[in-house]
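Student: Could you walk me through the sheet in this one? I'd like a close look at how the strands are arranged and what packs on them.

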Amino acid sequence: MARKRGSGPPPRDIARNRRAFHDYEITDRLEAGLVLVGSEVKGLRERGAAIAEAYVVVRRGEAWLVGAHIAEYPSSPEGHDPVRTRKLLLHRREIERLAVDLSQKGLSVVPLRLYFKDGRAKLELGIGRGRAYHDKRQAIRERDDRREAE
């Protein structure tokens with residue numbers, strides 16, 4: 001009997017970008033697939049990745065992840081460049097929406113988390129507006145107030 005897609009264990013996080021929630025006010029989220037080579041998938045499973053410095057750009061109707069670091073898999077003969085630019089798999093409408101959002105002043109598309117879902121690497125993207133320094137301090141104050149109230 002074939003297993004239904006979507007059933008099974010919950011997605012396992014590989015990397016999180018906690019800094020994004022501090023630096024940006026995230027207004028919307030969407031999920032994207034990644035075009036990876038075999039050694040990158042092995043590297044994700046074994047060693048993980050870093051997406052804190054990564055960002056998304058749209059060029060010629062395609063979305064690209066720039067600056068993400070995927071660890072090399074040591075026993076892989078072909079290897080890969082750990083910080084190469086990787087293509088994101090999104091529907092055309094989603095890419096067009098990202099292009100519109102990126103063209104607006106102050107909006108950015110940042111990766112929030114990288115995870116495996118049904119054996120495939122997925123990237124959760126956040127569309128957000130950059131916070132000013134005083135907004136960051138206010139967010140920290142609100143978070144501390146919530147903690148004290150609990």
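Tutor: Here's the sheet, followed by the helices on it. Bear in mind that the model is predicted: local features need pLDDT of at least 70, side-chain atom pairs count only at pLDDT 80 or more, and totals for chains, interfaces and linings use all residues. Residues are numbered from 1 along each chain as its sequence is written, and side-chain values use heavy atoms, leaving out hydrogens and water.

The sheet is open, with seven strands in the order β1-β8-β9-β2-β7-β5-β4 and antiparallel pairing (strands are DSSP E runs of at least two residues, helices H or I runs of at least four, numbered from the N terminus; pairing takes at least two DSSP bridges). β1 and β4 (55–59) sit at the edges with a single partner strand each, so one side of each has no neighbour in the sheet. From one strand to the next, the twist averages 40° (axes are lines fitted to C-alpha atoms, for helices over the stretch in contact, with angles from 0 to 180 degrees between N-to-C directions).

Now for the pairings. β2 (residues 24–34) is joined to β9 (residues 120–130) by nine bridges, with Y24 opposite G130. β2 also pairs with β7 (residues 86–89) over two bridges, and there G33 partners L89. Two bridges link β5 (residues 62–66) to β7, where L65 stands opposite R86.

As for packing, α2 touches β1, β7, β8 and β9, its direction making about 80° with that of β8 (contact is heavy atoms within 4.5 Å). Helix α3 (residues 92–103) lies across β2, β4, β5, β8 and β9, at about 105° to β4.
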